[in-house]
Amino acid sequence: DNDTREATRLTDRLLPNLERFSVKVRNFIAALPLFLLAILILAAFVWLARRASSSQRLFGRVSDNALIQSLLRQVVRASIVTIGLFLALELLGATALVGAVLGSVGIVSLALGLAFRDLAENYLASIILSIRQPFKTKAVVEIDGMMGKVIRMTTRETVLMSFDGNHVLLPNSTVFKSKVTNFTRSDNRRFKVPIGFGTDVDLRAAIDLGLDKLRTIPGVLGD
């Protein structure tokens with residue numbers, strides 16, 4: 001036998017909901033100082049992250065490379081803000097939310113890594129290239145068959161100015177995997193210039209004349 005009966009009176013249905021709502025309001029008012037303190041902690045860590053990431057003296061000691069300094073600033077800023085966020089959540093007793101946030105970060109990172117694999121590959125390649133420094137700005141290089149002067153390197157691509165006056169954008173992953181010839185690293189460079197002679201020309205005299213003329217050109221080494 002089912003003796004369960006549904007309460008249909010207005011007071012029976014409304015009063016318990018009002019009581020539960022009033023309890024939640026009282027609990028919120030009681031926890032309001034903790035909320036304010038958590039917000040102050042988070043704001044303090046955000047301010048600290050900005051001050052730490054903008055310190056030129058701190059990052060200038062680590063490296064003089066602008067790209068490496070930028071990457072380190074981002075890592076330091078994100079780490080400090082994350083610590084402040086977790087402290088604020090722990091103060092509020094939201095330990096379950098902290099675990100959910102950590103799990104969400106892992107899942108989101110995996111999804112973004114699969115969706116933007118090329119971007120992540122170029123980003124990692126830029127970090128490795130910044131550390132190894134196979135070339136610097138204004139260096140004349142040949143990468144993947146393209147020759148030009150290095151204009152800049154971003155987190156995604158390396159920009160060359162070809163000798164025809166064109167901008168060439170090379171993905172950092174391509175630069176990392178390709179053969180790189182840096183013509184600026186050494187002060188001396190050998191050029192090969194083919195010259196033809198007629199059959200009636202004295203070859204020895206032509207060679208001596210060419211060498212004498214080359215030695216008069218500024219910048220040509222004696223040997």
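Here is a friendly conversation about how the labels used for this predicted model follow from its computed values.

User: What makes some parts of this model more trustworthy to the predictor than others?
Analyst: The model is predicted, and pLDDT is the predictor's confidence in each residue, from 0 to 100. The mean pLDDT of the protein is 80, with 83% of its residues at 70 or more. Among the elements, strand S1 (residues 140-143) has the highest mean, 92, while helix H4 (residues 95-115) has the lowest, 62. A word of caution: where pLDDT is low, the predicted coordinates should not be read in detail.

User: Which elements does the protein have, and what pattern do they follow along the sequence?
Analyst: There are 7 helices and 5 strands. Reading along the sequence gives α-α-α-α-α-β-β-β-β-α-β-α.

User: Why is Asn-122 called buried?
Analyst: Its relative accessible area is 4%. Buried means under 20%, so Asn-122 gets that label. You can find Asn-122 in helix H5 (residues 117-132). Leaving out neighbours within four places in sequence, Asn-122 is in contact with Thr-155, Arg-156, Pro-171, Asn-172 and Ser-173. Across the protein, buried residues make up 18% of the 223 residues.

User: Why is Arg-77 called partly exposed?
Analyst: The relative accessibility of Arg-77 is 35%. Partly exposed covers the range between the 20% and 50% cut-offs, so Arg-77 belongs there. This residue lies in helix H3 (residues 66-91). Not counting residues up to four places away in sequence, Arg-77 touches Ala-49 and Ser-53.

User: How do you know that Arg-77 touches Ser-53, and how far apart are their C-alpha atoms?
Analyst: A contact needs heavy atoms within 4.5 Å, and Arg-77 and Ser-53 count as touching. Their C-alpha atoms are separated by 5.8 Å, although the two residues are 24 apart along the chain.

User: What makes the phi of Gln-133 worth pointing out?
Analyst: Most residues other than glycine have a negative phi. Gln-133 is not a glycine, yet its phi is positive, about 50°. Gln-133 sits in the loop between H5 and S1. With a relative accessible area of 27%, Gln-133 is partly exposed. Asp-144 also has a positive phi without being a glycine, at about 55°. Asp-144 is in the loop between S1 and strand S2 (146-153).

User: What makes a group of residues the largest nonpolar core here?
Analyst: The members must be buried nonpolar residues joined through side-chain atoms within 4.5 Å. The largest such set has 10 residues, including Leu-129, Phe-135, Ala-139, Val-141 and Ile-143. S1 and strand S4 (167-171) each supply at least two residues of this core. As background, nonpolar side chains tend to be buried together in soluble globular proteins. One core member, Ala-139, touches Gly-148, Lys-149, Val-150, Asn-182 and Thr-184, not counting residues up to four places away in sequence.

User: How do you know that the length of helix H7 agrees with what is expected?
Analyst: Helix H7 (residues 203-215) has 13 residues, so at 1.5 Å a residue the expected span is 18 Å. The end C-alpha atoms are 19 Å apart, which agrees.

User: What reaches the backbone nitrogen of Arg-204 at the start of H7, and why is this called a polar contact?
Analyst: A side-chain oxygen of Asp-202 comes to within 3.3 Å of that nitrogen. The cut-off for a polar contact is 3.5 Å between N or O atoms, so this pair of Asp-202 and Arg-204 falls inside the limit.

Conventions: Residues are numbered from 1 along each chain as its sequence is written. Side-chain values use heavy atoms; hydrogens and water are left out. Helices (H or I, at least four residues) and strands (E, at least two) are DSSP runs, numbered from the N terminus. The expected span of a helix is 1.5 Å times one less than its number of residues. A polar contact is a pair of N or O atoms within 3.5 Å; within protein, one must be able to donate a hydrogen and the other to accept it, and residues adjacent in sequence count only if both atoms are side-chain atoms. Buried means under 20% relative accessible area, exposed over 50%, partly exposed in between (1.4 Å probe, protein chains only).
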